[in-house]
Amino acid sequence: LCYTSPVWLSTEIDGIRIVSGRTLDFFQRLPQEIFNIFAILSTSPGAKLFSAYMDYKYENQMAEMLLNELKSSGTTNGLEEAVKQCIAAASHENDPSIQKLLLKAALFGRSFLCVNLNNPRGSIRPTVQVINDLCTNVIRDLRLINNLHHINISMPLTFKQLRI
């Protein structure tokens with residue numbers, strides 16, 4: 001970057017802010033959660049769930065195959081891990097449109113976790129309740145952060161800064 005006016009650097013817990021006379025830039029290392037989902041040819045559960053959601057959104061047949069792959073993965077909680085990864089990536093993302101896509105992918109995956117076929121009496125598994133609470137809290141916090149970013153308030157706050 002090239003600045004023609006004096007700049008001030010301010011270190012923060014998750015990055016560095018560069019303040020000039022006209023702009024405010026924020027640089028941070030790409031969080032691992034976002035990298036795992038958006039890396040080319042990524043095989044993480046979150047990337048598979050995000051791809052399944054995008055395929056479902058555009059009516060592609062690959063969505064069912066990816067969901068079956070997540071359900072029958074080597075780990076017992078592949079789909080649960082994928083939902084948690086999408087929620088974590090959405091919390092670290094700064095662009096509201098990408099946040100929405102990641103949260104919709106997480107909610108899409110969560111909808112396949114709701115029923116426990118092995119135990120019909122206790123149809124909702126305990127981990128689903130934890131994921132529901134996590135999802136609700138992250139959506140609420142992201143709504144607050146995005147409203148604070150509004151030009152009338154202009155409070156540049158990240159999710160990590162809000163949590164601390």
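Q: What do strand 2 and strand 3 form, and how many residues lie between them?
A: Strand 2 and strand 3 form a hairpin with four residues between them. This is a predicted model, in which local features need pLDDT of at least 70 and side-chain atom pairs count only at pLDDT 80 or more, while totals for chains, interfaces and linings use all residues. Residues are numbered from 1 along each chain as its sequence is written, and side-chain values use heavy atoms, with hydrogens and water left out.

Q: What makes these segments strands or helices?
A: Both are DSSP runs numbered from the N terminus: H or I of at least four residues for a helix, E of at least two for a strand.

Q: How do you know that strand 2 and strand 3 pair?
A: Pairing requires DSSP to find at least two bridges between two strands. Strand 2 (residues 15-19) and strand 3 (residues 24-27) have four bridges and run antiparallel, so the pairing criterion is met. Across this pair, R17 stands opposite F26 and V19 opposite L24.

Q: How do you know that strand 1 pairs with strand 2?
A: Five bridges join strand 1 and strand 2 in the antiparallel sense. In this pair S10 faces R17 of strand 2, and a hairpin of two residues links the strands.

Q: What makes strand 1 and strand 3 edge strands?
A: The open sheet has three strands in the order 1-2-3, with antiparallel pairing. Strand 1 (8-12) and strand 3 each pair on one side only. From one strand to the next the twist averages 20 degrees.

Q: Why are helix 4 and helix 5 called roughly antiparallel?
A: Helix 4 (residues 78-92) and helix 5 (residues 96-110) pack at about 160 degrees, with axes 8 Å apart. Axes are lines fitted to C-alpha atoms, for helices over the stretch in contact, and angles run from 0 to 180 degrees between N-to-C directions. Angles under 35 degrees count as roughly parallel, over 145 as roughly antiparallel, 65 to 115 as roughly perpendicular and the rest as oblique. The two helices are therefore roughly antiparallel.

Q: Which residues make the contact between helix 4 and helix 5?
A: Contact means heavy atoms within 4.5 Å. Among the residues involved are L79, V83 and I87 of helix 4 and L102, L103 and R110 of helix 5.
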